[in-house]
Amino acid sequence: MFACLHAPGNLPLLVECAGYFSPLIEETSPDTTVFDIRGLRWIYGTLEQIVPEIQRRVGIPASLAIASNPDAAVHAARGIHGATILPQGQEAAILAPLPLYLLGGSSEFARTMDLWGIYTFGEFAGLPPLGVAARLGEEGVYMQQLARGAGNRQLRLCVDPQVFREEKELEDPVDLLEPLLFLLSQMINELCKRLYIYALSANEIRLRLGLERALSHTARLSLPAPMLDSKVLLKLLQLELNDRPPQAPVEKIRLELMPVKPRATQHGLFLPSSPEPEKLEITLARIRGLAGAANVGAAELMDTHRPGAFRMGPLTTAKGVILPLRPKLALRRFRPPCHAQVWRTDHGKPVRIFSSKGGGRVVACAGPWRTSGDWWTGEVWCHQEWDVEIQGMGVSRIYQDDLQGQWFIEGSYD
Amino acid sequence: MGTAALLRERLQTTLGSRFEATFLTRKTARETLPSLAGEIPRGALTEIAGPASSGRTSLLYSLLAAASAEQEFCALLDAEDTFDPESAAAAGVRLSQVLWVRCGGNVEHTIKASDLLAQAGGFGLVAIDLGDTPVNISRRIPLVTWFRLRHAVENTRTVLAVLTQQVLTHPCSALKIELSRNRVLWRGLLDSFEVTAKRSWNHQTQERRFTVSV
């Protein structure tokens, strides 16, 4: 059963009243709200007993209608003053005297009804359905269903944006990490409990610390997968604060977890194992603390011919990508390229190389391959590449930077 | 690239590993690195040792490619920051499944990070690349570190591979592969390396020859 409250210009009050009786509320229009009252009979009893309870709660003169579907309740509340109960099966009879303009619909539909001389719900509901379908199409059939009080749509629920935030103002400023983590653990536990109640997880932690002398310290941790383990979240915060501690004693803490739906994965018996996201994130946070955040991740190739161009991205499963296994000679790239001295023949072929990585006579070589690019930006490059076999050293890729005129060892084939 | 080379490349792409068995005669057919990569034991420490240009990195990339093709996550602890994503992708490595830790020459960080990753579990392959680390520095890594790493992956499905210039982990490694370059083949351009792999497993040593093509 659904109840509809209608009072012009009082939507916030109506929604507040509806919220007292049900969490399933629809804000139908600026003066109408519908809510689900299916469970109320266990509290208040029959519909006749529920009506005065709702009216008492509203406290202002508002039309109230109760029907088995939301549309019938809305039309009754808009068209009949006071309280109306539409028992199941009698909706058409009660709605019949209502004026047809309450039904809404397109302007073309309204004009047609006017031309046909139909002004009430009852007159329209009494028309033969096949004739209405032939003349007015899908819209006509739907409108006739509404006129008979036979709609069966679901409520369009208004969702209250959930905010999972905890704030704490400290009487004495905290200047050590351990007591700060103690406070954070209490806040995280509380937020995780609230998320659990709403069957949600967190995919981001936002921390803002108000510091002495009007300073502030912010941290934002994006999680690779939705999590709800308070210990993991606290550990991640601890690693972050260890890595980047606040620069002054903390006076105020604001912690927010961004809610998302929890991940639902089913592990197969024959699927390869993968690291647990919670454990992996803590491990990665620790490694980032060692090697630097920019040096940890999965490499991504960039859409450029610039040698050695890449960027770091997140670790993901490459679904649907099938790369053939092709054993190829690998290159070990020196970062930065190793500066070298190269002696050449009259024809330009390298004959001897010396560098900090070693050097010697060139036994064999192939090249040059001229490459250049990014001339339209400030990072222009122009190389002349050679593959060289250096006695006692191995096979290397060397290049001459045509812009600087210097030679470098780019890497060694291995 | 000539027409023949183009045709060869296209056939190689289409047929994959069947290419050599189909088109190379018995006289010229040689083992390829993936055949060696398939023999790496899980839950144990494997050491790949060899000087520069001995095919050790190609073997490592073959291992990464084989593991990532099985949808497994891999980790590469790169002590000297020498990993080349471009040639790894060309060898069939799914880069998005390889966690690359660039340690910028800090061996201590490399070992600490490898310890953390081995303990975390769930990785199909954890590879430590000390290939360009000077021998006098890599020799300073205490043997107990290798024992600890070996212990961390025991009874798991993780392959722990260490790439070095000289054998470092001798008593701890279950499998030891020592690579040496026989010769470099030039056919106008750099064509391939001929490599000898000395494989030590269960106190038995076996020598096999491989060809690694460009």
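The following questions and answers concern a predicted model of two chains, A and B.

Q: Why is A:P70 called buried?
A: A residue counts as buried if 20 or more other C-beta atoms lie within 10 Å of its own. A:P70 has 22 other C-beta atoms within 10 Å, and is therefore buried.

Q: Where is A:P70 placed, and which residues is A:P70 in contact with, leaving aside its neighbours within four places in sequence?
A: A:P70 lies in helix α3 (residues 70-79) of chain A. Its contacts beyond those neighbours are A:F2, A:E26, A:V34, A:G151, A:R153 and A:L155. In addition, 9.7 Å separates the C-alpha atoms of A:P70 and A:T33, which are 37 residues apart along the chain.

Q: What makes β2 and β5 of chain A the edge strands?
A: The open sheet has 5 strands in the order β2-β3-β1-β4-β5 (chain A), and its pairing is mixed. β2 (25-29) and β5 (83-85) of chain A each pair on one side only, as edge strands. On average, neighbouring strands of this sheet are turned by 15 degrees against each other, direction ignored.

Q: How do you know that β2(A) and β3(A) pair?
A: Two strands pair if at least two bridges are found between them. β2(A) and strand β3 (residues 32-36) of chain A are joined by 4 bridges in the antiparallel sense, so the criterion of at least two is met. A:S29 has A:T32 of β3(A) as its bridge partner.

Q: Which strands does helix α2 of chain A lie across?
A: Helix α2 (residues 47-58) of chain A lies across β1 (2-6), β4 (63-67) and β5 of chain A, and runs at about 150 degrees to β4(A).

Q: What describes the packing of α8(A) and α9(A), and which residues make the contact?
A: Helix α8 (residues 177-197) and helix α9 (residues 230-243) of chain A pack at an angle of about 145 degrees, their axes 9 Å apart. Their crossing is right-handed. Residues of α8(A) in the contact include A:L181, A:L184 and A:I188, and those of α9(A) include A:L233, A:L237 and A:L241. By class, the residues of this contact are 9 nonpolar, 4 polar and no charged.

Q: What makes up the contact between the chains?
A: Chain B provides 66 residues and chain A provides 50 residues. On the side of chain B that touches chain A, helix α4 (residues 56-69) of chain B gives the most, with 8 residues. That side of chain B divides into 30 nonpolar, 25 polar and 11 charged residues.

Q: Why do β10(A) and β3(B) count as paired?
A: Pairing requires at least two bridges. Strand β10 (residues 296-301) of chain A and strand β3 (residues 98-102) of chain B run antiparallel and are joined by 2 bridges, and therefore they satisfy the cut-off of at least two. A:V296 stands opposite B:V101 in β3(B).

Q: Why is strand β5 of chain B called mostly covered?
A: In strand β5 (residues 159-164) of chain B, 6 of its 6 residues are buried. One side carries B:V159, B:A161 and B:L163, the other B:L160, B:V162 and B:T164, and both faces are covered. For chain B, buried residues make up 49% of the 214 residues.

Q: How many bridges join β5(B) to β1(B) and to β4(B)?
A: Strand β1 (residues 44-49) of chain B pairs with β5(B) in the parallel sense over 6 bridges, with B:E47 opposite B:V162. Strand β4 (residues 125-129) of chain B pairs with β5(B), also in the parallel sense, over 5 bridges, and B:V126 has B:L160 as its bridge partner.

Key: Residues are numbered from 1 along each chain as its sequence is written. Chains are lettered from A and ligands numbered from 1 in the order in which they are written. This is a predicted model: local features need pLDDT of at least 70, side-chain atom pairs count only at pLDDT 80 or more; totals for chains, interfaces and linings use all residues. Axes are lines fitted to C-alpha atoms, for helices over the stretch in contact, and angles run from 0 to 180 degrees between N-to-C directions. Two residues are in contact if their C-beta atoms, placed from the backbone, lie within 7 Å. A crossing is left-handed if the near helix is turned anticlockwise from the far one by less than a right angle, and right-handed if clockwise. Ala, Val, Leu, Ile, Met, Phe, Trp, Tyr, Cys and Pro count as nonpolar, Asp, Glu, Lys and Arg as charged, and the others, Gly among them, as polar. A residue is buried if 20 or more other C-beta atoms lie within 10 Å of its own, exposed if 12 or fewer, and partly exposed in between; C-beta atoms are placed from the backbone.
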